[in-house]
Amino acid sequence: MTTYAVTGATGGFGGAAVSALIARGVTPGDIVAIVRDAEKAAALRAAGVQVRVADYRDVSALAQALAGVDRLLLVSGNEFGQRVSQHTNVVEAGQKAGVGLIAYTSILRADSSPLALATEHIATEKVLADSGIGVVLLRNGWYAENYLASAPTAIEGGVFYGSARDGQVAPAARADYADAAAAALISGQRGEVFELVGSQHLSYADIAATFADVSGNPVRYQDLPESDYAAALTQAGIPAAFAGVLADSDAGVAVGALDSDSSDLVGLLGRPATTFAEVIRTGLAGA
Ligand SMILES: NC(=O)c1ccc[n+]([C@@H]2O[C@H](COP(=O)([O-])OP(=O)(O)OC[C@H]3O[C@@H](n4cnc5c(N)ncnc54)[C@H](OP(=O)(O)O)[C@@H]3O)[C@@H](O)[C@H]2O)c1
């Protein structure tokens, strides 16, 4: 019997990964959901999953939470600037607990990516490589859901802003990345590296056209210089540091950093990827 664990299990990705493990035939009792807030874990408990509490900042709690775990899905944290030390804590705890394999959610082509976001992922990949634990790298491209935040304003105002020029992106649904992660956690072998993207290659004009199709309102794409786009995001209420990261990511799209012809995602899924329009339609319906 193999025991699996998933960190960030009360988050969008981690929760979907736990569901996907169960859908792929893993017995819920063989899954350990690692959460930092037990109160958010009622649904996981109801599903029969073992819930253990540990914060990424607490190595000894993490080591206790990982007791008896064979294969761990380390979902990257969301506290930018803190993530290398947090992920290092999880790896150290994994060493203490004797975890056999860690699958880590990195970023597309982390080793050559120009994105500012890649820095913490590259450092984490290095910590993992040096740990002696078996590693599977899940290098995720952009979530299709990232575009849901701008969709309502774009649809209302008729303009979708960005700074990706005419670059293309191959986004995929977060639930598809999570399902692929579950598949890799079950059957991945140490040393495997998956470059994960959706099957569509979309320019930002295509994304504007999708917003238009889904809503019935005309929407066009307006490209802005990176600094103007960052300023517009800040004006819209996004903290300046994060606005800078988002604008930098669009500049990455402009040079193809979030596009790839890899078929690793559909290979792991064993089915077609969810379309971008489907993610936007479903997301807007639930908003
Ligand atoms: N490729 C992309 O386009 C993209 C987009 C967004 C995010 N990401 C990355 O993918 C990860 C998963 O995405 P997501 O949508 O699932 O994000 P999310 O919903 O924000 O989930 C992040 C999870 O990390 C947990 N967490 C944060 N800090 C922690 C700490 N100190 N100790 C323990 N747990 C902690 C959160 O716990 P709580 O539930 O208690 O808050 C949450 O469960 C993100 O964290 C980020 O690294 C990638």
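Here is a short chat about the overall fold of a predicted model and one pair of its helices.

Student: How many helices and strands are there in the protein chain?
Tutor: Both kinds of element turn up in this predicted model. The protein chain has eleven strands, and its helices number twelve.

Student: What is the radius of gyration of the protein chain, and what would a compact globule have?
Tutor: The C-alpha trace spans about 55 × 35 × 30 Å along its principal axes. For 287 residues, a compact globule would come out near 19 Å, so the chain agrees with that, at 19 Å.

Student: What share of contacts in the protein chain join residues at least 24 apart?
Tutor: Take burial before that: 47% of the 287 residues are buried. Now count contacts between residues at least 6 apart in sequence; the share joining residues at least 24 apart is 76%.

Student: Is H1 parallel or oblique to H7?
Tutor: H1 covers residues 12-23 and H7 covers residues 174-187. Their axes come within 8 Å and cross at roughly 50°. Angles under 35 degrees would count as roughly parallel, and 65 to 115 as roughly perpendicular. The crossing angle therefore makes H1, relative to H7, oblique.

Student: Is the crossing of H1 and H7 left-handed or right-handed?
Tutor: Helix pairs are described by the angle and the distance between their axes. For the crossing of H1 and H7, the handedness is right-handed.

Student: How many residues of the contact of H1 with H7 are nonpolar?
Tutor: From H1, the residues taking part include Phe13, Ala16 and Leu21. On the H7 side, Tyr177, Ala178 and Leu185 are among them, and so are Arg174 and Asp179. The contact has two charged residues and one polar, while the nonpolar ones number eleven.

Conventions
Residues are numbered from 1 along each chain as its sequence is written. This is a predicted model: local features need pLDDT of at least 70, side-chain atom pairs count only at pLDDT 80 or more; totals for chains, interfaces and linings use all residues. Axes are lines fitted to C-alpha atoms, for helices over the stretch in contact, and angles run from 0 to 180 degrees between N-to-C directions. Helices (H or I, at least four residues) and strands (E, at least two) are DSSP runs, numbered from the N terminus. Angles under 35 degrees count as roughly parallel, over 145 as roughly antiparallel, 65 to 115 as roughly perpendicular and the rest as oblique. A crossing is left-handed if the near helix is turned anticlockwise from the far one by less than a right angle, and right-handed if clockwise. Two residues are in contact if their C-beta atoms, placed from the backbone, lie within 7 Å. Ala, Val, Leu, Ile, Met, Phe, Trp, Tyr, Cys and Pro count as nonpolar, Asp, Glu, Lys and Arg as charged, and the others, Gly among them, as polar. The radius of gyration is taken over C-alpha atoms; the globule rule is 2.2 Å times the number of residues to the power 0.38. A residue is buried if 20 or more other C-beta atoms lie within 10 Å of its own, exposed if 12 or fewer, and partly exposed in between; C-beta atoms are placed from the backbone.
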